[in-house]
Amino acid sequence: FEALIRWRHPVRGLVSPFEFLPAAERAGLMGELDEVILDKSCAAAAILNTWGLSHASISVNMSMSLLQDTEILARLKRHTDQHGIRPCNLRLELLESTLLDERSDIIVKNAHKLIRHGYAVELDDFRTGHAAIATLRKFSVSRIKIDRSFVRDALIDPNDAAIARMVTVLAETLGLRVLAEGVETDAQRALLLGQGCQNFQGYYFSRPVPIVQFE
C-alpha cells in the first residue's frame, strides 16, 4: 500500500515519498499528512474486510511527530472507529533511528500503550545499529524488517548476505518475526528463505497498485 502515500504532481507526475516527505517535514505539515495516511490506510483495511480478509493488516509508517503525540491512541481510535476496523488491522512501523532518538522515552511509552490496545508495532529499515539492538526489547516490537539495502546485493556481496542472516538470527533469538524488504527476484527470495527468513515484500510479488487493481 505504498501507493496510498504517493503524490501525483500536476507537472512532474508521480513523486515518491523520498522526495515529498522531507519537504512536508520542513513545511511543518507532517501532522496533516499523518491524518491523510491514517485515513487512507484504515479505509483500505475496511475494504479488505469486505472481501472476507478480516485478519489482513496494513503496515503504516509512523512519523516522529505522531509517535511523540500524547493523544496518539485517541487519534488512531478515531480513524479505526470511523472505518469500522480493529486495531489488529494496522501494523505500526517505527524506524530504527527512532530507538536512538533522545526523545525516545515518550515514544517507548506510546509504543507500549499501542501494543496494550491491540496494535502490532514493527521495526522498519533495520540496519543492526548497536545502540538499537541494545534497546530493541524495550519497544516490544513484533517484527523486524531487514533494510532493502542488504537485500539488494545479498547475492553478490557476502557481507550483505551475512548481515541479512545475522538480523534473522537476532530476531529468532528474541522471539520476533523477520521480514525482508525490497525482494525483486526469486533468487533473492530463495537465499533469504534458506537463511530462515519467512516473510517478504517487494516488486517480486507486485509493484504498488491502486486498491481496485489489487483486488
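This is a short talk on the sheet, the helices, the aromatic pairs and the cysteines of one structure. Keep in mind that the model is predicted.

Let's start with the sheet. It is open and has six strands. The order is β3-β4-β5-β6-β7-β8, and the pairing is parallel. Which strands sit at the edges? They are β3 and β8, and each pairs on one side only. A general word on sheets. Strands pair through backbone hydrogen bonds, either parallel or antiparallel.

Now let's walk across the sheet, beginning with β4, residues 90-95. This strand pairs with β5 in the parallel sense, over five bridges. Two contacts to find on your screen. Arg-91 stands opposite Ala-120 in β5. Leu-92 stands opposite Val-121, again in β5.

Stay on β5, which spans residues 120-126. How many of the seven residues of β5 are buried? Six are, so the strand is largely enclosed by the rest of the structure. On to β6. Three bridges join β5 to β6, and the two run parallel. Here Leu-123 stands opposite Ile-144 in β6.

Next step across. Strand β6 covers residues 143-146, and β7 covers residues 177-180. Four bridges join them, and they too run parallel. Look at Ile-146: its bridge partner in β7 is Ala-180.

Then the last pairing. β7 meets β8, residues 199-200, in the parallel sense over two bridges. The bridge partner of Leu-179 in β8 is Asn-199. How does the chain get from β7 to β8? It passes through helix α10, residues 186-194. That makes a β-α-β crossover, and the crossover is right-handed.

Now two helices. Take α1 first, residues 17-26. Its buried residues are Pro-17, Phe-20 and Ala-24. Seen down the axis of α1, these fall within an arc of 85°, so they line one face of the helix. What is exposed on the other side of α1? Phe-18, Glu-25 and Arg-26 are. Just after α1 comes Gly-28, with a positive phi of about 70°.

Here is the general background on spacing. An α-helix has 3.6 residues a turn, so residues three or four places apart point the same way.

Second helix: α4, residues 72-83. It has twelve residues and reaches 17 Å from its first C-alpha to its last. That is close to the 16 Å expected at 1.5 Å a residue. Which residues of α4 are buried? They are Ile-72, Leu-73, Arg-75, Leu-76, His-79 and Thr-80. Note that Arg-75 and His-79 are on that list. Down the axis of α4, the buried residues fall within an arc of 165°, so they line one face of this helix as well.

On to the aromatics. A pair of rings is described by the distance of the centres and the angle of the planes. A search of the whole structure finds two aromatic pairs.

One is Trp-51 with Phe-214. Why is this pair stacked? The ring centres are 6.3 Å apart and the planes sit at 25°, so the pair counts as stacked; the cut-off for stacked is under 30 degrees. This pair links distant parts of the chain, 163 residues apart. Trp-51 is in the loop between α2 (30-50) and β3 (58-61), while Phe-214 is in helix α11, residues 211-214. Are these two residues buried or exposed? Trp-51 has 29% relative accessibility, so it counts as partly exposed. Phe-214 is at 45%, so it is partly exposed as well.

Here is a backbone distance from the same loop residue. Trp-51 and Glu-215 are 164 residues apart in sequence. In space, they are 8.7 Å apart, C-alpha to C-alpha.

The other pair is Tyr-204 with Phe-205. Their ring centres are 4.9 Å apart and the planes are at 80°, so this pair is edge-to-face. Tyr-204 is partly exposed, with a relative accessible area of 33%. Phe-205 is partly exposed too, at 46%.

Last item: cysteines. How many disulfides does a search of the whole structure find? Zero. What about accessibility? Cys-88 is at 37% relative accessibility, so it counts as partly exposed. Cys-197 is at 0%, so it counts as buried.

Conventions: Residues are numbered from 1 along each chain as its sequence is written. This is a predicted model: local features need pLDDT of at least 70, side-chain atom pairs count only at pLDDT 80 or more; totals for chains, interfaces and linings use all residues. Side-chain values use heavy atoms; hydrogens and water are left out. A disulfide is a pair of cysteine sulfur atoms within 2.5 Å. Buried means under 20% relative accessible area, exposed over 50%, partly exposed in between (1.4 Å probe, protein chains only). Rings of Phe, Tyr and Trp (its six-membered ring) pair if their centres lie within 6.5 Å; planes under 30 degrees apart count as stacked, over 60 as edge-to-face and the rest as tilted. Two strands pair if DSSP finds at least two bridges between them. A crossover is right-handed if, with the strands pointing away from the viewer, the path from the first strand over the helix to the second runs clockwise. The expected span of a helix is 1.5 Å times one less than its number of residues. The arc is that of the directions from the helix axis to the C-beta atoms.
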